[in-house]
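Biologist: I am new to this structure, and I would like you to take me slowly through a single part of it. Please begin with a helix and what surrounds it, and explain each term as you come to it.

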Amino acid sequence: MKTTCRTAVIALALCVAQGAGAQDLGDAARGETLFRHCKACHQVGQGAKDRVGPHLNDLFGRRAGSHEGYRYSKAMMRAAAGGLEWHADTLHIYLENPKNLVSGTRMSFAGLPEARDRADLLAYLRVFSADPSDIPEADPTATGTDHTIDPDILAIVGDPEYGEYLSSECTTCHRADGGDSGIPSITLWPEEDFVIAMHAYKNAYRTHPVMQMIAGRLSDEEIAALAAYFGSLDQ
Amino acid sequence: MTLNRRVFIGSATAAATLTAPMVQAASHGKPRVVVVGGGAGGATAARYIAKDSDGEIDVILIEPTKTYYTCFFSNLVIGGFRDIESIAHSYGTLAREYGVNVVHDWAVGVDRDAKSVALAGGGSVAYDKLILGPGIDFIDGSVPGWDVTAQNVMPHAYKAGSQTELLKAQVMAMPEGGTFVMVAPPNPFRCPPGPYERVSMVAHALKQGNPTAKIIIADPKENFSKQGLFEEGWEQHYPGMITRIGPDFGGENVTVNPDEMTVDIDGEVIKAAACNVIPAQKAGRIAELAGVTEGNWAPVNPTDMSSKADPDIYVLGDAAAQGDMPKSGFSANSQAKVCANAVRGALTDARVFPAKYANTCWSLIAAEDGVKVGAAYEPTEEKIASVDSFISQNDEDAATRAATYRESLGWYDGITADMFG
């Protein structure tokens, strides 16, 4: 699976995984070894009990501060009353440095600065929460690919000559030589990523008003043609 | 291989020297897909392959029943919201409109080297690709005291049709104030909210005609799908009628006595006026016979539902170890389309698209009170993983719940058209 990422234009570009495939939350096996940082206070698995820290079974999807009988800090209870729930995203912040999320937390842990470490640890913890195959409403176990375009649209074979004709509208702002002096480079993108990005503007998932206007006026065939043209400029 | 009629009717010795006759005449060199099981997975796969291949692929569907009763919505029959005929479907349209060769027989074996499926009737069918959608079978002995000979006394009604009618009749015949006992299954099982929708439907029927009757659920599981919604709904619509005994109180320790009509839950013996035993489940037996199961289920490749044991065999729906997807008709139908696309791509030059899966389960708690849960799924290296989910909320108003129920009616018409044409 190839990943394309234009780091020069982080604000507007989208990292898209080409071809099928969601991303697992992390490597649960590696996460198990990382859990040694937590074991002094937290238990998981069958028979796990609240000790220094609450047990971490059924963590995903749970409201914070919800174990009856466990004495949470006032700060945690306030966060819970404010609606804090444990999902992959809130746990990522909490594990990076607990005080970033709940400033008065009693959890004394310096944090895991590496995103990969947190992802692997979360994948391990996820195993101890409900399986979506038994309870479909349980928290996701992976992050999805980020488009919902009909495959028939992606399948349209673009005509590069037609694309060249259409491109005159683009090259006013987007440099035909692929350089980026403040406006993103659109040459040599894999065609599928180009089509996905244009449809994201067309459907207003991406918010740039000019691009929304331009993409809104282009048909699926025209977008495919542009993708074919710009994708082949070097060849 | 042509059938010689004289030999076929005549001598036994001659018959013994013949190889099993082909059910299907020579396929003129076309690639052939054999589908075993004509449910939400198999019927959908057969229809999509036949429909989208423009006659380039021969499709044979092997399904023992001539009328298919959908498990989904069978609870509504028990509750009195539908009649049994409304969930019955024929394979006639698949046969005459789509050219699917519908063979009403049982598959009793798969020879993976010869690539052929043996039929109970005595023939065999060769395949280029084999799709198995055999649903579930019950694990012997999983509920002590119960086996298939008891299913007319304590129905499972977990394969729809006559069992559905039987259970409904038993509920309606309960004496005043009698107890309905459900023995719920352990994970994983087909249709996670199913047993609890069933309890809701039985409660609805009893509330009309036998309001002092009681319902007890013996459950080996601590939690179940849509639990918060069901428990709130039971409190609202059927207060005091339903008791659920979970594993903390011995709900996993159950023995039944069909002769006495008693259920022993962790030492407490209950006299049941009607008893629904839903045993633990495994893949439909043909998957095991084909050698594609590991433990109780058939592991599949997340991108196309092909068996990890054999690239020419695909497993759909309940029988598959399908990662995060629950065992539902919706899931089977969703997987069937990914599979059909992959199979066509393998046999012809059809374009294959990235796999995307989805599921939505609707449940009816009471009249006009419907809830739903659903999710989107995508393949990862390891399994089909959930990437997003939704569920009805506890504080929804009556209009929303009524609309959700109506949505389910629309879905039912849609999916059955998708399966049967």
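Modeller: The buried residues of α3 (42-52) in chain B pack against β1 (32-36), β2 (58-62), α5 (92-98), β9 (129-132), α10 (329-347) and α11 (398-420) of that chain. This is a predicted model, in which local features need a pLDDT of at least 70 and side-chain atom pairs count only at pLDDT 80 or more, while totals for chains, interfaces and linings use all residues. Residues are numbered from 1 along each chain as its sequence is written, chains are lettered from A, and ligands are numbered from 1 in the order in which they are written. Helices (H or I, at least four residues) and strands (E, at least two) are DSSP runs, numbered from the N terminus.

Helix α3(B) is mostly covered, with 9 of its 11 residues buried. A residue is called buried if 20 or more other C-beta atoms lie within 10 Å of its own, exposed if 12 or fewer do, and partly exposed in between, with the C-beta atoms placed from the backbone. The buried residues of α3(B) are Gly42(B), Ala43(B), Thr44(B), Ala45(B), Ala46(B), Arg47(B), Tyr48(B), Ile49(B) and Ala50(B). Just after the helix, Asp54(B) takes a positive phi of about 55°.

Among the partners, α11(B) can be described further. Two packed helices are described by the angle between their axes and the distance between the axes. The axes of α3(B) and α11(B) come within 6 Å and cross at roughly 60°; such axes are lines fitted to C-alpha atoms, for helices over the stretch in contact, and angles run from 0 to 180 degrees between N-to-C directions. The two helices, α3(B) and α11(B), are therefore oblique to each other, given that angles under 35 degrees count as roughly parallel, over 145 as roughly antiparallel, 65 to 115 as roughly perpendicular and the rest as oblique. Where they meet, Ala43(B), Thr44(B) and Arg47(B) of α3(B) touch Asp418(B), Met419(B) and Phe420(B) of α11(B), a contact being a pair of residues whose C-beta atoms, placed from the backbone, lie within 7 Å. The residues of this contact divide into 3 nonpolar, 1 polar and 2 charged, where Ala, Val, Leu, Ile, Met, Phe, Trp, Tyr, Cys and Pro count as nonpolar, Asp, Glu, Lys and Arg as charged, and the others, Gly among them, as polar.

Elsewhere in chain B, β15 (262-265) lends itself to the same kind of reading. Along β15(B) the side chains alternate, with Val263(B) and Ile265(B) buried on one face, while Thr262(B) and Asp264(B) point to the other face and are not buried. In a regular strand the side chains alternate between the two faces of the sheet. Strand β15(B) pairs with β14 (254-257) of chain B in the antiparallel sense over 4 bridges, two strands being paired if DSSP finds at least two bridges between them. In this pairing Thr255(B) stands opposite Asp264(B), and the hairpin of β14(B) and β15(B) has 4 residues between its strands, with Met261(B) in the turn at a positive phi of about 55°.

Strand β15(B) also pairs with β16 (268-271) of chain B, again in the antiparallel sense over 4 bridges, and here Ile265(B) stands opposite Glu268(B). This second hairpin has 2 residues between its strands. Asp266(B), in the turn, has a phi near 55°, a positive value in a residue other than glycine, and Asp266(B) is partly exposed, with 14 other C-beta atoms within 10 Å.

An open sheet of 4 strands is also found in chain B, in the order β13-β12-β11-β17 and with parallel pairing. Its edge strands are β13 (242-245) and β17 (274-277), each of which pairs on one side only. Strand β11 (179-183) of chain B pairs with β17(B) over 4 bridges, and Val183(B) has Val277(B) as its bridge partner.

The loop between β11 and α7 (194-209) of chain B holds Pro188(B), and the peptide bond from Asn187(B) to Pro188(B) is cis, with omega near -10°. Cys191(B) lies in the loop between β11 and α7 too; its phi is near 65°, a positive value in a residue other than glycine. Cys191(B) is buried, with 27 other C-beta atoms within 10 Å.

Conventions. Contact = placed C-beta atoms within 7 Å.
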